[in-house]
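Work through the exercises below with the structure open. Each task is followed by a solution in steps.

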Amino acid sequence: MNERNMLLSRIKKYDFTLKELNLYLDTHPNCRRALAMFRKYKELRSDAVEEFTKRFGPITPEQVSDTQNWTWVEDPWPWERR
Amino acid sequence: MWQYEKKLQYPVKIKTPNAKLAKIIISQLGGPDGELSASLRYLNQRYAMPYGEVKGLLTDIGTEELAHFEMISAILYQLTKDLSMEEIKASGFDTYFVDHTTGVYPVAASGTPFTAAYFQSKGDILTDIQEDMAAEQKARTTYDNILRLADDPDVRDPIRFLREREIVHYQRFGEPFRSR
Amino acid sequence: MNLDLFDDMEGIILHEREASLVSDMKNNNGNGSMTRFPKNTPLAMAYVPFQQWGETYGDDEALSRGTLFPELDLPFSKGGADR
């Protein structure tokens with residue numbers, strides 16, 4: 001797996017844990033352990049996304065930092081096999 | 001409002017096109033118990049809910065189902081990429097192909113187009129939650145059936161993931177009355 | 001549309017059964033004291049056992065299994081080549 005895919009995989013991993021905690025917290029809004037884990041993964045995710053977008057481009061349109069090209073529209077798109 | 005992230009929630013990497021499988025899996029796109037049905041059900045029901053926890057849950061699961069709708073579309077896209085005319089004819093996929101080529105369009109495996117008649121938004125918290133729990137079980141059964149019919153491990157992997165999500169959603173929908 | 005058919009809309013309680021569950025909710029603070037089932041389980045309601053915080057998978061395994069929680073990991077065992 002190349003570096004781009006490895007980094008994106010890491011983000012998916014963190015996002016999934018965050019999503020699971022999100023749903024758990026929706027029905028357990030006072031669970032401090034879930035909230036602590038959420039905070040930890042939020043940070044991990046934020047770092048991973050920063051690294052990814054710096055090197056490989058945006059995951060959301062707002063993350064475009066290139067001043068010459070609108071990199072948001074570049075291939076590949078997620079449903080294509082890369 | 002919605003934000004889109006340019007990545008699938010779980011990877012879809014299918015090496016072998018298979019029109020026959022696509023014909024079946026499309027039910028989770030546009031069928032009665034599929035991901036679009038689930039998403040629209042939850043996102044529509046959330047407005048009548050009286051508790052923040054339930055509005056949150058319906059919003060969050062409804063949003064996750066859109067990501068699953070995308071995953072199913074990715075599976076269909078990859079299963080129908082570079083098909084030969086012989087494969088299209090032999091698999092029975094020709095009846096879809098004539099109207100949509102290999103474009104993605106939400107129908108059930110029977111060919112019936114998606115309809116809001118597949119879901120209800122009754123404006124009653126007990127009724128709607130009950131509908132949601134039933135919906136998750138129906139989706140899980142549909143995934144069981146797809147696993148019964150599909151041998152390709154590249155297909156089984158994301159399907160397995162999606163099936164497990166339905167089980168987790170079912171548990172969450174059962175919990176709200178105790179969530180304070 | 002006029003909804004004053006329902007006099008209790010203001011109180012947001014539309015069912016007697018819902019009222020008893022809401023009071024169960026209000027009597028529990030934090031999740032330490034939450035039991036799997038409420039003390040009162042009125043008839044004609046569906047319940048699932050309330051999940052309590054326990055073991056979690058590591059993030060790699062969680063994504064692979066489709067859930068963070070081993071308790072909720074309930075795979076399908078029939079049909080086709082496995083995994």
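Two residues are in contact if their C-beta atoms, placed from the backbone, lie within 7 Å. The model used here is predicted.

**Exercise 1. Find which residues Leu76(B) touches, leaving out those up to four places away in sequence.**

Step 1. Apply the contact cut-off of 7 Å between C-beta atoms.
Step 2. Drop the residues up to four places away in sequence.
Step 3. What remains is Ala22(B), Ile25(B), Ile26(B), Leu29(B) and Val104(B).

**Exercise 2. Describe the largest nonpolar core and its main contributors.**

Step 1. Count the members: this core holds 64 residues.
Step 2. Pick those that touch the most other members. They are Ala22(B), Ile25(B), Met71(B), Ile72(B), Ile75(B), Leu76(B) and Ile159(B).
Step 3. Assign the core to elements. Those giving two or more residues are α1 and α2 of chain A, α1 (19-25), α3, α4, α7 and α8 (153-174) of chain B, and α2 (59-65) of chain C.
Step 4. Rank them: α4(B) supplies the largest share, 12 residues.
Step 5. Set this against the general rule. In soluble globular proteins, nonpolar side chains tend to be buried together.

**Exercise 3. Decide whether helix α3 of chain B is mostly covered or mostly open, and find what covers its buried residues.**

Step 1. Take the burial cut-off: 20 or more other C-beta atoms within 10 Å.
Step 2. Apply it to residues 35-45. Of these 11 residues, 8 are buried, and the helix is mostly covered.
Step 3. Name the buried ones: Glu35(B), Leu36(B), Ser37(B), Ala38(B), Ser39(B), Arg41(B), Tyr42(B) and Gln45(B).
Step 4. Look for the cover. It includes α2 (27-30), α4 (52-79) and α7 (125-149) of chain B.

**Exercise 4. Characterise the fold of chain A: is it spread out or compact?**

Step 1. List the elements: chain A has 2 helices and 0 strands.
Step 2. Compare the radius of gyration with the globule rule. It is 15 Å, well over the 12 Å expected for 82 residues, so chain A is more spread out than a compact globule.
Step 3. Check the extent. The C-alpha trace spans about 45 × 25 × 20 Å along its principal axes.
Step 4. Check burial: 30% of the 82 residues are buried.
Step 5. Consult the record. An unreviewed UniProt entry lists residues 6-80 of chain A as "domain: Protein CotJB". That stretch is 63% helix and 0% strand, with its end C-alpha atoms 17 Å apart.

**Exercise 5. Analyse how chain A meets chain C.**

Step 1. Count both sides: 12 residues of chain A contact 9 of chain C.
Step 2. Locate the chain A side. α1 (3-27) and α2 (32-56) each give two or more residues, and α1(A) gives the most, with 7.
Step 3. Sort the chain A side by type: 5 nonpolar, 3 polar and 4 charged.

Technical notes:
Residues numbered from 1 in each chain as written. Chains lettered and ligands numbered in written order. Predicted model: local features only at pLDDT ≥ 70, side-chain atom pairs only at ≥ 80, totals over all residues. Helix = DSSP H or I, 4+ residues; strand = E, 2+ residues; numbered from the N terminus. Rg over C-alpha atoms; globule rule 2.2 N^0.38 Å. Buried ≥ 20, exposed ≤ 12 C-beta atoms within 10 Å, placed from the backbone. UniProt positions renumbered as here; feature names shortened; annotations may be inferred. Nonpolar A, V, L, I, M, F, W, Y, C, P; charged D, E, K, R; others polar. Core = buried A, V, L, I, M, F, W, Y, C linked by C-beta atoms within 7 Å.
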